[in-house]
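Work through the exercises below with the structure in view. Try each task before reading its solution.

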Amino acid sequence: MNIQENRSLKSHNTFGIDVRARYFASFATTEEILELIEFKGQSAGKPQRPILILGGGSNILFTKDFDGLVLKNELSGIKEVKEDTHHIYVRVGAGVVWHEFVLHCLHQNWAGVENLALIPGNVGASPIQNIGAYGVEVKNVIQSVEALHIGDRKTHLFSVNDCEFGYRESIFKKKYRGQFVITAVNFRLNKSPDLNISYGTVKQELERMGVKELNIQTIAKAVIHIRSSKLPDPKLIGNAGSFFKNPHVSADTFLALKERFPRIVGYVQENGDYKLAAGWLIEHCGPAEGESWKGYRRGDAGCHAWQSLVLVNYGQASGKEIFDLSEAILQSVKKTFGVELEREVNIL
Ligand code: FAD
Ligand code: EPU
């Protein structure tokens, strides 16, 4: 067991926040996790110091040093388990980089994750917030999730229903928050693709690219183009993707807002509610009357100029400064539109 003390986490979170972990270690097997959980009197069911399971750090904002044990997940392996007429069943280690898994599927011609290309992070974090993009959510292809309970030290198998997936939600983010280490995800991928180009910008990008043959590879390519042109690369500017979720409101609320703000962007949902584009709301209010948050910068904390749903660290911002900016935006949206935003990013 190689446990480091007072280790900087700057290179382990895509916001690039320079905080320290009291203890830090990596694990590549379940046995190593079990050993690490026992570390320094972290007795069964009653850990004395908090434990944080870390993937790619692309959905976390550290606001202070972590006074506990950070465990970096390096469980590897993509294994074909079985196949039937229509599907291929694959078990993937939680430490596999998500986009590498997507590339593997594209190479094998396994369909279902092409719209989720280029999402940062690891496979093990994908069920935590049920990652989604361009009309697809990972729950559509998950068959089950294997997770080790930090308290009882046993591996549990969660079916899709057990996971209670919702929009950027799952049981691992709510009821079981912080209680499990996801060790592997079992996927059911399609042999014959059910292509999804329902998202307007994907259709437009395919046209712009002059794509003649629609397949999973061309869809992934279009998604990669869109993402690269819209979202800042964390290697260049620290960020964690969308900072807030897109809020859901009732049809009545949406119509009332539409009357006051005719250009407001909202999408009707299956249950009749509307999902508002939080980026639009943030763009259309600001730090002062007549100003916009889009492109706003306070010190090194900012709201990105291309996509106002993305908060950024231009270099030396602290997590607290980014959090304070998010709070100012949240209050401003509430005051202007009467809509409460919810943070998507995990605040620590
Ligand atoms: P981390 O940030 O390391 O962890 C996130 C949370 O999950 C933490 O609470 C952590 O403790 C927990 N966790 C991680 N791994 C495990 C595990 N194995 N077991 C138990 N708990 C675990 N998300 C989308 O849904 N759609 C997008 O389109 C999207 N675009 C993005 C674009 C950019 C540029 C960035 C930076 C982020 C984007 N995200 C998006 C957010 C992010 O990529 C996802 O949430 C991703 O799944 C996080 O993976 P991670 O490995 O980095 O998780
Ligand atoms: N918009 C604005 N101004 C902005 C940003 C957006 O007006 O500054 C409006 C535009 O009308 C635009 C609409 O919002 O058409 C939607 O924008 P976009 O297509 O960029 O998507 P989003 O709603 O901002 C969501 C997800 C992303 C995901 C994309 C594509 C959430 C919180 N975010 O963003 O996920 O990649 O759709 O599906 O649901 C993430 O979760 O981290 C993330 C990046």
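Lys and Arg count as positive and Asp and Glu as negative, while His and the chain ends are not counted. A charge is placed at NZ of Lys, CZ of Arg, CG of Asp or CD of Glu. This is a predicted model: local features need pLDDT of at least 70, side-chain atom pairs count only at pLDDT 80 or more, and totals for chains, interfaces and linings use all residues. Residues are numbered from 1 along each chain as its sequence is written, chains are lettered from A and ligands numbered from 1 in the order in which they are written, and side-chain values use heavy atoms, with hydrogens and water left out.

**Exercise 1. Find the charge balance of the chain.**
Count the side chains: 41 are positive and 39 are negative. Then locate the centres of the two sets: they lie 2 Å apart.

**Exercise 2. Test the chain against the rule for a compact globule.**
Take the rule: 2.2 Å times the number of residues to the power 0.38, with the radius of gyration taken over C-alpha atoms. For 348 residues, this predicts a radius near 20 Å. The chain has 21 Å, so the two agree. Along its principal axes, the C-alpha trace spans about 60 × 50 × 35 Å.

**Exercise 3. State what share of the chain is buried.**
Apply the cut-off: buried means under 20% relative accessible area (1.4 Å probe, protein chains only). Buried residues make up 48% of the 348.

**Exercise 4. Describe how domain 1 and domain 2 meet.**
Set the bounds, from an automatic or database domain assignment: domain 1 is 4-73 and domain 2 is 78-190. Their C-alpha centres are 22 Å apart. Count contacts (heavy atoms within 4.5 Å): 18 residues of domain 1 touch 14 residues of domain 2.

How values were computed: Buried means under 20% relative accessible area, exposed over 50%, partly exposed in between (1.4 Å probe, protein chains only).
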